[in-house]
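Trainee: Could you take me closely through the empty space in this model, with the terms spelled out as you go?

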Amino acid sequence: MSLDLTPVQAVLDLDGATSATPNLLAGVGETDAALPPGWVPIVEAFRVSTEGARLQAFLQQRRAAGAVIYPPQPLRALTLTAPEAVRVVILGQDPYHGPGQAEGLAFSVARGMKLPPSLRNIFKELQRDLDLPMPTHGSLVHWAEQGVLLLNTCLSVEDGQPASHAGQGWEALTDAVIQHCSQTGVPKVFLLWGAHAQKKAALIDIHRHAVLSANHPSPLSASRGPLPFLGCGHFGQVNQWLLSRNAAAIRWSSHEIENKMVKVEKTMA
(Lines give C-alpha, C1' and ligand atoms only; values in the text may rest on other atoms or scores of the structure.)
Protein backbone atom coordinates (compact mmCIF):
# COMPACT_ATOMS: atom_id res chain seq x y z
CA MET A 1 0.00 0.00 0.00
CA SER A 2 1.44 3.38 -0.98
CA LEU A 3 0.66 6.95 -0.09
CA ASP A 4 -1.10 9.05 -2.67
CA LEU A 5 1.15 11.44 -4.54
CA THR A 6 0.31 12.65 -8.02
CA PRO A 7 3.51 12.91 -10.05
CA VAL A 8 4.55 16.44 -10.80
CA GLN A 9 6.95 15.22 -13.47
CA ALA A 10 6.94 11.74 -14.95
CA VAL A 11 10.58 12.12 -15.93
CA LEU A 12 11.88 10.89 -12.57
CA ASP A 13 10.92 7.35 -11.76
CA LEU A 14 11.84 5.38 -8.64
CA ASP A 15 12.70 2.05 -10.26
CA GLY A 16 13.12 2.84 -13.90
CA ALA A 17 9.62 2.75 -15.39
CA THR A 18 7.29 5.70 -15.70
CA SER A 19 3.77 5.07 -14.49
CA ALA A 20 0.48 6.88 -14.23
CA THR A 21 -0.04 5.21 -10.87
CA PRO A 22 0.82 7.67 -8.09
CA ASN A 23 2.94 6.42 -5.21
CA LEU A 24 4.92 7.82 -2.33
CA LEU A 25 7.95 8.78 -4.36
CA ALA A 26 6.26 9.48 -7.65
CA GLY A 27 7.71 12.97 -7.61
CA VAL A 28 10.73 10.95 -8.42
CA GLY A 29 7.92 8.86 -9.99
CA GLU A 30 8.75 5.18 -10.17
CA THR A 31 6.49 2.22 -9.62
CA ASP A 32 7.87 -0.85 -7.87
CA ALA A 33 7.35 -3.07 -10.92
CA ALA A 34 11.07 -3.23 -11.74
CA LEU A 35 12.29 -3.70 -8.18
CA PRO A 36 13.59 -7.20 -7.38
CA PRO A 37 11.13 -8.79 -4.91
CA GLY A 38 13.66 -8.82 -2.08
CA TRP A 39 13.79 -5.02 -1.94
CA VAL A 40 10.03 -4.45 -2.07
CA PRO A 41 9.25 -4.91 1.67
CA ILE A 42 11.99 -2.44 2.59
CA VAL A 43 10.82 0.17 0.11
CA GLU A 44 7.17 -0.32 1.06
CA ALA A 45 7.94 0.04 4.77
CA PHE A 46 9.70 3.30 3.96
CA ARG A 47 6.79 4.55 1.85
CA VAL A 48 4.38 4.36 4.78
CA SER A 49 6.81 5.59 7.42
CA THR A 50 7.07 9.06 8.92
CA GLU A 51 10.35 9.63 7.09
CA GLY A 52 8.82 8.49 3.83
CA ALA A 53 5.91 10.89 4.23
CA ARG A 54 8.33 13.70 5.07
CA LEU A 55 10.32 13.01 1.92
CA GLN A 56 7.11 12.93 -0.12
CA ALA A 57 6.10 16.34 1.17
CA PHE A 58 9.56 17.76 0.55
CA LEU A 59 9.69 16.49 -3.05
CA GLN A 60 6.23 17.87 -3.73
CA GLN A 61 7.24 21.25 -2.39
CA ARG A 62 10.47 21.35 -4.40
CA ARG A 63 8.74 20.29 -7.59
CA ALA A 64 6.10 22.95 -7.09
CA ALA A 65 8.89 25.50 -6.74
CA GLY A 66 10.27 24.43 -10.12
CA ALA A 67 13.32 22.54 -8.88
CA VAL A 68 15.12 20.28 -11.34
CA ILE A 69 15.87 17.01 -9.54
CA TYR A 70 18.31 14.26 -10.48
CA PRO A 71 18.61 11.35 -11.23
CA PRO A 72 15.80 10.03 -13.43
CA GLN A 73 15.85 6.68 -11.57
CA PRO A 74 16.75 7.17 -7.90
CA LEU A 75 16.34 3.48 -7.02
CA ARG A 76 18.35 2.19 -9.95
CA ALA A 77 21.00 0.69 -7.65
CA LEU A 78 18.31 -1.55 -6.14
CA THR A 79 16.77 -2.28 -9.52
CA LEU A 80 20.04 -3.53 -11.01
CA THR A 81 21.29 -5.48 -7.98
CA ALA A 82 18.85 -7.77 -6.16
CA PRO A 83 19.55 -8.25 -2.43
CA GLU A 84 20.42 -11.92 -2.86
CA ALA A 85 22.95 -10.96 -5.55
CA VAL A 86 24.86 -8.37 -3.49
CA ARG A 87 28.49 -9.34 -2.88
CA VAL A 88 30.10 -5.91 -2.54
CA VAL A 89 28.64 -2.64 -1.23
CA ILE A 90 30.14 0.72 -2.18
CA LEU A 91 28.63 3.70 -0.38
CA GLY A 92 28.45 7.17 -1.87
CA GLN A 93 26.93 10.37 -0.50
CA ASP A 94 24.50 11.95 -2.97
CA PRO A 95 24.09 11.97 -6.76
CA TYR A 96 26.05 14.18 -9.13
CA HIS A 97 24.27 17.51 -9.53
CA GLY A 98 25.03 18.38 -13.16
CA PRO A 99 22.69 17.81 -16.13
CA GLY A 100 22.89 14.27 -17.50
CA GLN A 101 25.50 13.06 -14.99
CA ALA A 102 23.68 11.02 -12.35
CA GLU A 103 22.34 7.63 -13.39
CA GLY A 104 21.16 6.29 -10.04
CA LEU A 105 24.40 4.49 -9.11
CA ALA A 106 26.97 5.88 -6.67
CA PHE A 107 29.99 7.40 -8.46
CA SER A 108 28.69 6.33 -11.89
CA VAL A 109 27.93 8.63 -14.83
CA ALA A 110 26.14 7.86 -18.06
CA ARG A 111 28.16 6.89 -21.10
CA GLY A 112 29.34 9.92 -23.01
CA MET A 113 29.58 12.15 -19.94
CA LYS A 114 32.88 13.68 -18.87
CA LEU A 115 34.40 11.79 -15.93
CA PRO A 116 33.93 13.64 -12.62
CA PRO A 117 37.16 14.02 -10.60
CA SER A 118 36.20 11.39 -7.99
CA LEU A 119 35.41 8.78 -10.63
CA ARG A 120 38.63 9.60 -12.48
CA ASN A 121 40.53 8.85 -9.25
CA ILE A 122 38.61 5.60 -8.82
CA PHE A 123 39.74 4.56 -12.29
CA LYS A 124 43.32 5.69 -11.58
CA GLU A 125 43.40 3.46 -8.50
CA LEU A 126 41.83 0.58 -10.43
CA GLN A 127 44.52 0.98 -13.09
CA ARG A 128 47.32 1.17 -10.49
CA ASP A 129 45.98 -1.71 -8.38
CA LEU A 130 45.15 -4.27 -11.06
CA ASP A 131 47.03 -2.95 -14.10
CA LEU A 132 43.80 -2.62 -16.05
CA PRO A 133 43.32 -0.18 -18.93
CA MET A 134 41.61 3.12 -18.23
CA PRO A 135 37.87 2.70 -18.96
CA THR A 136 36.49 4.46 -22.02
CA HIS A 137 33.35 5.66 -20.21
CA GLY A 138 32.12 6.34 -16.69
CA SER A 139 29.13 4.02 -16.41
CA LEU A 140 29.46 1.42 -13.65
CA VAL A 141 26.41 -0.60 -14.67
CA HIS A 142 28.70 -3.59 -15.32
CA TRP A 143 29.70 -3.50 -11.63
CA ALA A 144 26.07 -3.44 -10.50
CA GLU A 145 25.24 -6.39 -12.74
CA GLN A 146 27.93 -8.45 -10.99
CA GLY A 147 26.59 -7.85 -7.49
CA VAL A 148 28.24 -4.55 -6.56
CA LEU A 149 25.60 -2.41 -4.85
CA LEU A 150 26.46 1.21 -5.68
CA LEU A 151 24.39 2.98 -3.05
CA ASN A 152 24.29 6.69 -2.32
CA THR A 153 23.00 7.45 1.17
CA CYS A 154 20.85 10.25 -0.28
CA LEU A 155 19.16 9.35 -3.55
CA SER A 156 18.24 12.68 -5.12
CA VAL A 157 19.72 16.14 -5.56
CA GLU A 158 18.83 19.44 -7.21
CA ASP A 159 20.56 20.89 -10.22
CA GLY A 160 23.76 22.65 -9.20
CA GLN A 161 23.17 22.16 -5.47
CA PRO A 162 25.17 19.33 -3.90
CA ALA A 163 23.66 17.77 -0.76
CA SER A 164 20.45 19.75 -1.33
CA HIS A 165 18.28 16.72 -0.42
CA ALA A 166 20.43 15.44 2.43
CA GLY A 167 18.54 14.97 5.68
CA GLN A 168 15.12 14.98 4.01
CA GLY A 169 14.30 11.31 4.54
CA TRP A 170 16.28 9.23 2.07
CA GLU A 171 18.74 8.20 4.75
CA ALA A 172 16.10 6.16 6.57
CA LEU A 173 15.65 4.05 3.45
CA THR A 174 19.32 3.66 2.64
CA ASP A 175 20.18 2.81 6.25
CA ALA A 176 17.57 0.06 6.08
CA VAL A 177 19.13 -1.21 2.85
CA ILE A 178 22.61 -1.29 4.44
CA GLN A 179 21.27 -3.14 7.48
CA HIS A 180 19.46 -5.64 5.26
CA CYS A 181 22.69 -6.31 3.35
CA SER A 182 24.51 -6.81 6.64
CA GLN A 183 21.92 -9.10 8.22
CA THR A 184 21.00 -11.32 5.26
CA GLY A 185 22.61 -13.22 2.41
CA VAL A 186 26.23 -14.19 1.98
CA PRO A 187 29.14 -12.39 3.66
CA LYS A 188 30.08 -9.28 1.71
CA VAL A 189 32.76 -6.63 1.34
CA PHE A 190 31.76 -3.09 2.31
CA LEU A 191 33.89 -0.28 0.88
CA LEU A 192 33.64 2.87 2.98
CA TRP A 193 35.32 5.77 1.20
CA GLY A 194 35.34 8.98 3.20
CA ALA A 195 34.03 10.09 6.58
CA HIS A 196 30.40 10.15 5.47
CA ALA A 197 30.44 6.50 4.38
CA GLN A 198 32.47 5.47 7.42
CA LYS A 199 29.73 6.77 9.72
CA LYS A 200 27.62 3.87 8.40
CA ALA A 201 30.03 1.29 9.83
CA ALA A 202 27.81 0.93 12.91
CA LEU A 203 25.13 -0.61 10.65
CA ILE A 204 27.46 -3.39 9.48
CA ASP A 205 28.20 -6.64 11.30
CA ILE A 206 31.99 -6.64 11.17
CA HIS A 207 32.07 -10.27 12.33
CA ARG A 208 30.27 -11.43 9.17
CA HIS A 209 31.68 -9.05 6.60
CA ALA A 210 34.91 -7.46 5.43
CA VAL A 211 34.99 -3.67 5.82
CA LEU A 212 37.62 -1.68 3.90
CA SER A 213 38.01 2.04 4.61
CA ALA A 214 39.89 4.83 2.86
CA ASN A 215 39.57 8.53 2.23
CA HIS A 216 37.02 9.72 -0.31
CA PRO A 217 38.32 9.57 -3.92
CA SER A 218 37.74 13.31 -4.31
CA PRO A 219 40.91 15.19 -5.32
CA LEU A 220 40.58 17.08 -2.02
CA SER A 221 41.26 13.93 0.00
CA ALA A 222 42.37 11.07 -2.27
CA SER A 223 46.07 11.49 -1.49
CA ARG A 224 45.81 12.59 2.15
CA GLY A 225 46.57 10.47 5.19
CA PRO A 226 45.92 8.57 7.24
CA LEU A 227 44.07 6.38 4.70
CA PRO A 228 44.74 7.73 1.19
CA PHE A 229 42.37 6.45 -1.44
CA LEU A 230 45.07 6.41 -4.09
CA GLY A 231 47.15 3.38 -3.19
CA CYS A 232 44.49 1.69 -1.03
CA GLY A 233 44.39 -1.46 -3.17
CA HIS A 234 40.73 -2.10 -2.45
CA PHE A 235 39.83 -3.57 -5.83
CA GLY A 236 42.43 -6.30 -5.59
CA GLN A 237 41.60 -6.93 -1.93
CA VAL A 238 37.93 -7.39 -2.79
CA ASN A 239 38.75 -10.00 -5.40
CA GLN A 240 41.18 -11.82 -3.13
CA TRP A 241 38.50 -11.95 -0.43
CA LEU A 242 35.86 -13.25 -2.85
CA LEU A 243 38.15 -15.86 -4.34
CA SER A 244 39.12 -17.06 -0.86
CA ARG A 245 35.44 -17.91 -0.39
CA ASN A 246 35.13 -19.68 -3.74
CA ALA A 247 33.17 -16.77 -5.20
CA ALA A 248 33.81 -15.22 -8.59
CA ALA A 249 36.03 -12.16 -8.73
CA ILE A 250 34.54 -8.86 -9.91
CA ARG A 251 35.43 -7.88 -13.46
CA TRP A 252 36.14 -4.25 -12.61
CA SER A 253 37.11 -3.18 -16.12
CA SER A 254 34.43 -2.71 -18.75
CA HIS A 255 37.05 -3.91 -21.26
CA GLU A 256 36.89 -7.38 -19.68
CA ILE A 257 33.11 -7.50 -20.15
CA GLU A 258 33.21 -6.11 -23.68
CA ASN A 259 36.02 -8.46 -24.77
CA LYS A 260 34.10 -11.45 -23.40
CA MET A 261 30.98 -10.37 -25.32
CA VAL A 262 33.02 -10.07 -28.53
CA LYS A 263 34.42 -13.59 -28.03
CA VAL A 264 30.91 -14.98 -27.48
CA GLU A 265 29.63 -13.22 -30.61
CA LYS A 266 32.51 -14.64 -32.68
CA THR A 267 31.82 -18.13 -31.32
CA MET A 268 28.15 -17.84 -32.27
CA ALA A 269 28.90 -16.43 -35.75
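**The pocket and the cavity**

Mentor: The lining of the largest pocket divides into 11 nonpolar, 10 polar and 2 charged residues, where Ala, Val, Leu, Ile, Met, Phe, Trp, Tyr, Cys and Pro count as nonpolar, Asp, Glu, Lys and Arg as charged, and the others, Gly among them, as polar. This is a predicted model, in which local features need pLDDT of at least 70 and side-chain atom pairs count only at pLDDT 80 or more, while totals for chains, interfaces and linings use all residues. Residues are numbered from 1 along each chain as its sequence is written, and side-chain values use heavy atoms, with hydrogens and water left out.

On a 1 Å grid over the protein atoms alone, a pocket is an open set of points with protein on both sides within 12 Å along at least five of seven lines, a cavity is a set where a 1.4 Å probe fits but cannot get out, and lining residues have an atom within 4 Å of a point. Grid points are joined across faces, edges and corners, and a volume is the space filled by probe spheres set on the points. By that reckoning the largest pocket holds about 380 Å³, and of its 23 lining residues Asp94, Pro95, Tyr96, Ser118 and His216 lie nearest the centre.

Searching the whole structure gives 1 cavity of 30 Å³ or more, and the largest cavity encloses about 30 Å³. Its lining consists of Pro71, Pro74, Pro95, Gly104, Leu105, Asn152 and Leu155, which divide into 5 nonpolar, 2 polar and no charged residues.
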